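Biologist: I am new to this structure. Could you take me through its sheets, a loop residue and a pair of helices?

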Amino acid sequence: MIPAIRPMAQRPAVSLVGAGPGDPELLTIKALKAIERADVLVYDRLVSEAILKLANPDAVRIHVGKRCGEPSMKQEAINQLLIEQAGTGQYVVRLKGGDPLIFGRGGEEGLALAAAGIPFEFVPGITAAIGCAASASIPLTHREMSRSVTLVTGHVVSGALPAWAQLIGAGQTIVFYMGLEQAREIQSGLTLGGLSTDTPLAVVIKGSTPDEVVHVSTLGKLTKLGQIFKGQSPALLVIGDVVRLRETLNQSLTSDVDSMDTPKEVFFG
Ligand code: SAH
């Protein structure tokens with residue numbers, strides 16, 4: 001049988017590109033090439049200035065995220081903007097934090113472009129859970145500790161309640177995006193669902209950037225942490241036994257202990 005010949009892929013008019021969690025070095029090569037080639041960059045709040053600097057200085061930059069308390073552009077208006085810009089024949093790069101398809105509404109934009117008959121592509125990025133786990137030294141699925149990792153949006157908490165019972169189970173790691181604002185609901189949902197208040201938890205703020213903050217605690221203190229870190233953004237919650245490994249894996253933490261019998265300058269010199 002003669003294999004089917006696939007038609008040559010059309011060059012996309014729009015690329016929906018994941019910019020990763022913040023560190024420009026965590027961009028994929030494909031994302032970098034798209035950014036460098038873009039005529040128009042449509043980006044939101046989570047895309048760092050360091051990444052925007054990689055674009056051609058002549059490229060048009062359009063910010064569609066929240067800024068100084070102003071609401072962000074409505075999704076429908078962003079979809080329309082992408083269609084209009086692509087219609088002018090310019091190459092449009094829609095840059096999103098993390099991965100465009102993980103709580104990034106990339107699917108909605110893709111559907112709008114498809115309906116308008118505009119060729120587009122998705123370029124994946126390192127999603128916050130993966131980027132923050134690496135920089136905070138938390139192995140999300142460490143063998144014998146965790147068999148699965150669930151990515152959950154904190155946003156659904158106030159509307160449709162997540163099925164808490166399904167999130168809880170031995171050997172399960174849970175990562176909440178947009179969860180800090182819903183700290184109280186998450187703490188009560190998970191504990192009423194049967195998860196121990198002693199379950200280790202990490203809050204990672206601005207993960208993978210020079211301003212990263214990692215705070216390790218337990219589920220029982222989540223409501224309090226929500227108050228302490230109120231307004232800090234972006235923030236991710238990692239819940240599960242694997243959080244315990246950070247202490248051993250993170251060399252900047254262990255170096256304090258090791259330095260007791262090691263010349264200081266080796267570590268701090
Ligand atoms: N598409 C993105 C997620 C967008 S939703 C991705 O794949 O990562 C926005 C949420 O992502 C934030 O509220 C926060 O929970 C999380 N987030 C994104 N970047 C982050 C970072 N550098 N550090 C901590 N959390 C981050």
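Biologist: In the open sheet of five strands with parallel pairing, what is the order of the strands?

Modeller: The model is predicted. Its strands pair in parallel in this open sheet. Strand 3 (60-63) and strand 5 (120-123) are the edge strands, each pairing on one side only. Read across the sheet, the order is 3-2-4-1-5.

Biologist: By what angle are neighbouring strands of this sheet turned against each other on average?

Modeller: The angle is taken with direction ignored. On average, neighbouring strands here are turned by 20°.

Biologist: Which residue in strand 3 stands opposite Leu41?

Modeller: Strand 2 and strand 3 run parallel and are joined by four bridges. Opposite Leu41, in strand 3, stands Arg61.

Biologist: Which strands stand at the edges of the open sheet with mixed pairing?

Modeller: Five strands form this sheet, in the order 6-7-10-8-9. A strand at the edge has a single partner strand, so one of its sides is left without a neighbour in the sheet. The edges are strand 6 (148-153) and strand 9 (213-218).

Biologist: Which residue in strand 9 stands opposite Leu201?

Modeller: Strand 8 (residues 200-205) runs antiparallel to strand 9, and six bridges join them. Opposite Leu201, in strand 9, stands Ser217.

Biologist: With which residue does the side chain of Asp44 make a polar contact of 3.3 Å?

Modeller: Asp44 lies in the loop between strand 2 (40-43) and helix 2 (49-52). Beyond its neighbours within four places in sequence, Asp44 is in contact with residues including His63, Val64, Arg94 and Lys96. The side chain that joins Asp44 in the 3.3 Å polar contact is that of Arg94.

Biologist: How far apart in space are Asp44 and Met73, C-alpha to C-alpha?

Modeller: In sequence, Asp44 and Met73 are 29 residues apart. In space, their C-alpha to C-alpha distance is 9.6 Å.

Biologist: Is helix 3 parallel, perpendicular or oblique to helix 4?

Modeller: Two packed helices are described by the angle between their axes and the distance between the axes. Helix 3 (residues 75-87) and helix 4 (residues 106-115) pack at about 45°, with axes 9 Å apart. That angle makes helix 3, relative to helix 4, oblique.

Biologist: How many nonpolar residues are in the contact of helix 3 with helix 4?

Modeller: Gln75, Ile78, Asn79, Leu82 and Ile83 in helix 3 meet Glu108, Glu109, Ala112 and Leu113 in helix 4. By class, two residues of this contact are polar and two are charged, while the nonpolar ones number five.

Key: Residues are numbered from 1 along each chain as its sequence is written. This is a predicted model: local features need pLDDT of at least 70, side-chain atom pairs count only at pLDDT 80 or more; totals for chains, interfaces and linings use all residues. Side-chain values use heavy atoms; hydrogens and water are left out. Axes are lines fitted to C-alpha atoms, for helices over the stretch in contact, and angles run from 0 to 180 degrees between N-to-C directions. Helices (H or I, at least four residues) and strands (E, at least two) are DSSP runs, numbered from the N terminus. Angles under 35 degrees count as roughly parallel, over 145 as roughly antiparallel, 65 to 115 as roughly perpendicular and the rest as oblique. Contact means heavy atoms within 4.5 Å. Ala, Val, Leu, Ile, Met, Phe, Trp, Tyr, Cys and Pro count as nonpolar, Asp, Glu, Lys and Arg as charged, and the others, Gly among them, as polar. A polar contact is a pair of N or O atoms within 3.5 Å; within protein, one must be able to donate a hydrogen and the other to accept it, and residues adjacent in sequence count only if both atoms are side-chain atoms. Two strands pair if DSSP finds at least two bridges between them.
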